[in-house]
Amino acid sequence: MNLLVLSGDHIGPEITEATVSVLEEAKRRLGLPLVLEHAAVGYASLEQTGHTISEEVLARARSADGILLGPCDTYGYPPADKGGVNPSSKLRVALDLYANVRPSRTVGGVPARVPVMDLVIVRENTEGFYADRNMYAGSGEFMPTPDVALAVRKITREGSRRVARAACEIAMQRGKKLTIVSKANVLKLSDGLFLGEARDIASGFPGLAVEHVLVDAMASLLVRSPEVFDVIVTTNMFGDILSNEAAELSGGLGLAASLNAGDTHAMAQASHGSAPDIAGKDVANPGALILSAAMLLERLGRRHAQPELARAAKLIQRATDEALAAPATRTRDLGGSLGTRAFAKAVCSRIAALADRAL
């Protein structure tokens, strides 16, 4: 299995290096069939090629079995026509990674703002209000006059159906409960289309309990009673916002893992940004990217009938949970004292112990 590693910007190389060390430890302990290849995106690629993601890297991504992407500083890039495209959105659209799967769960011992949470938000990933991924040509944001800015939101029938199907499949493997989130009471055409298609897809999954919650109510309910939710499916921007809220409530963005998945490709990517203010200080929490990599291994193991990859995913998640549970092996953002490299070493030591125990 070939994984393409793209480190990104600012803290990206630091947390990517930490994550690669965890993958290499799991590979050694379990004999995983992994080959990790590296390429540049973001500022490093801009300096080398004039583009934040080159056509060569896109081609390598298409041929890879999976991708590990570090956070990128899209806010500071030059305009797209000057080479500064968003590598994440470019990969999501080019590889048709239409489902952004973002779990949020409380972990024993980790400070959280809610007592119990264990849910997955499945966010549509390739359309919606995001101007860099909802048009064939040009941008979904434009200014007809210097004093008027407009944004176009794209919701398609097929886009709604396929992300709903992905969410239903996840829900059937968990608690068999799906919550569809929209603002269909106001956005009657666009969210009405999404809601109708999601309901239609969900009706084809016997035993699946389905409910509809408006997005503003959902923002409140995540704070008040997160334990009642299992799998949530929604459109791009709503999913982006709600998943960040859920991550913060369950332990912080430093643990916010995510997987971008399509029918043929998948990309592990932490939900947080590139944090230039702490870059180079060895203080960034690599937990989100480590857990994202575990999600990628689980998917690859399931899709390619390689149970050792799924086993490695469980091992990495358990080792990360154990490191987080002990105050002495937490990162600073969670009240501990470990830096990026030291936390990765703590996870690796637990992988070694757990693997030896199992063997």
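Begin by selecting R162, which is buried, with a relative accessible area of 15%; here buried means under 20% relative accessible area, exposed means over 50%, and partly exposed lies in between, with a 1.4 Å probe and protein chains only. The model is predicted, so local features need pLDDT of at least 70 and side-chain atom pairs count only at pLDDT 80 or more, while totals for chains, interfaces and linings use all residues. Residues are numbered from 1 along each chain as its sequence is written, and side-chain values use heavy atoms, with hydrogens and water left out.

**First stop: R162 and D96**

Keep R162 selected and add D96, for the two form a salt bridge whose closest N and O atoms are 2.7 Å apart; the term stands for a side-chain nitrogen of Lys or Arg within 4 Å of a carboxyl oxygen of Asp or Glu. D96 sits in the loop between α4 (87–94) and β4 (99–105), R162 belongs to helix α5 (residues 157–173), and the pair links parts of the chain 66 residues apart. Helices (H or I, at least four residues) and strands (E, at least two) are DSSP runs, numbered from the N terminus. Unlike a buried residue, D96 is partly exposed, with a relative accessible area of 33%.

**Second stop: R153 and D191**

Next select R153 and D191, whose side chains meet in a salt bridge at 2.6 Å, N to O. Because R153 lies in the loop between β7 (148–151) and α5 while D191 is in helix α6 (residues 190–202), the pair ties together parts that are 38 residues apart in sequence. Are these two residues buried or exposed? R153 counts as buried at 17% relative accessibility, and D191 is buried too, with a relative accessible area of 0%.

**Third stop: R161 and E197**

Now select E197 and R161, which form a salt bridge with the closest N and O atoms 2.6 Å apart. E197 is in helix α6 and R161 in helix α5, 36 residues apart. E197 counts as buried at 10% relative accessibility, whereas R161, at 22%, counts as partly exposed. Add R157 and D200 to the selection, and you have a network of salt bridges that links R157, R161, E197 and D200.

**Last stop: the whole chain**

Finally, show the whole structure, where a search finds 19 salt bridges. The secondary structure of the chain comes to 11 helices and 12 strands, and of its 359 residues 54% count as buried. The C-alpha atoms fill a box of roughly 55 × 50 × 40 Å, taken along the principal axes.
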